[in-house]
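Biologist: Before I accept the labels attached to this model, I would like to hear the reasoning behind them, one at a time. Could you set each value against its cut-off and then conclude?

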Amino acid sequence: MSTERPFGDPTNIQRENAAAVGKGVAFGCGGCALLVVLVFGLMMACMVFAFTMLWRSGPGDAAFEAAKKSEVMREALGEPMTKGWLVTGNVSINNNTGTADINVPVSGPKGSASIHAAATMTDGVWHFSEAKATISGRADSVDLRPLLNAPPAGAPAP
């Protein structure tokens, strides 16, 4: 009579089962987790790209530069003023024409503000219909439009 077991050595079977379960978890759950991480990373990259494009937009930069020139803004926020990262809104450009409607957070050592700018682009030049800064803690707003298309200091007016 044979002493060999019909299904093999039990310790070897347990070792093989443990390896199979480990591979299943690594490739099954691990594959799903990797897919979730990749999708999340792609979504984050798209959001960072969108916020960076808004942050670097022409109207946002122009409105921020106008705020830095404003005496009222310098008094209320102090210097240096910095532009916040959470710029919201939309900018659409097509063949040197476009529209923009954005909100730019601005802060300084004394406080913070939010700039709202609405503009249209014609022949590659932005024309602002609205550019106002609302300073935190104040009911009034600062009109920045006069500073947007002002000639540089010392330059003759057209």
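Biologist: Why is arginine 74 called partly exposed?

Modeller: This is a predicted model, and in it arginine 74 has a relative accessible area of 24%. Because buried means under 20% and exposed means over 50%, the 24% of arginine 74 falls in between, and the residue is therefore called partly exposed.

Biologist: What makes glutamate 79 and arginine 74 a salt bridge?

Modeller: The closest N and O atoms of glutamate 79 and arginine 74 are 3.9 Å apart, and because the limit for a salt bridge is 4 Å, the pair is counted as one. Glutamate 79 itself is called exposed because its relative accessibility is 56%, set against a cut-off of over 50%. Glu79 and Arg74 are also linked with Glu71 in a network of salt bridges.

Biologist: Which other salt bridge does lysine 68 illustrate, and how do you know that it qualifies?

Modeller: Lysine 68 pairs with glutamate 65, with 3.3 Å between the closest N and O atoms, where the limit is 4 Å. Both residues lie in helix α2, three residues apart, which is about one turn of the helix. Lysine 68, with a relative accessible area of 32%, and glutamate 65, at 37%, are each called partly exposed because such values lie between the 20% and 50% cut-offs.

Biologist: What makes the salt bridge of aspartate 61 and lysine 83 a tie between separate parts of the chain?

Modeller: The closest N and O atoms of aspartate 61 and lysine 83 are 2.5 Å apart, against a limit of 4 Å. Aspartate 61 belongs to helix α2 and lysine 83 to strand β1, so the salt bridge ties together parts that are 22 residues apart in sequence. A search of the whole structure finds seven salt bridges.

Biologist: Are aspartate 61 and lysine 83 buried or exposed?

Modeller: Lysine 83 counts as buried because its relative accessibility is 13%, set against a cut-off of under 20%. Aspartate 61, at 32%, counts as partly exposed.

Biologist: Why is serine 70 called buried?

Modeller: Serine 70 has a relative accessible area of 5%, and since buried means under 20%, serine 70 is therefore called buried. This serine lies in the loop between α2 and α3, and, leaving aside its neighbours within four places in sequence, serine 70 is in contact with Val142, Leu144 and Leu147.

Biologist: How do you know that strands β1 and β3 pair?

Modeller: Two strands pair if there are at least two bridges between them, and β1 and β3 have two bridges, in the antiparallel sense. Threonine 82, for instance, has serine 107 in β3 as its bridge partner.

Biologist: How many bridges does β3 form with β2, and how many with β4?

Modeller: β2 and β3 pair in the antiparallel sense over seven bridges, with aspartate 101 in β3 as the bridge partner of asparagine 90. β3 and β4 pair in the antiparallel sense over 10 bridges, and threonine 99 has threonine 120 in β4 as its bridge partner. The hairpin of β2 and β3 has two residues between the strands, and asparagine 95 takes a positive phi near 55° there, while the hairpin of β3 and β4 has four residues between its strands.

Conventions
Residues are numbered from 1 along each chain as its sequence is written. This is a predicted model: local features need pLDDT of at least 70, side-chain atom pairs count only at pLDDT 80 or more; totals for chains, interfaces and linings use all residues. Side-chain values use heavy atoms; hydrogens and water are left out. Buried means under 20% relative accessible area, exposed over 50%, partly exposed in between (1.4 Å probe, protein chains only). Contact means heavy atoms within 4.5 Å. A salt bridge is a side-chain nitrogen of Lys or Arg within 4 Å of a carboxyl oxygen of Asp or Glu.
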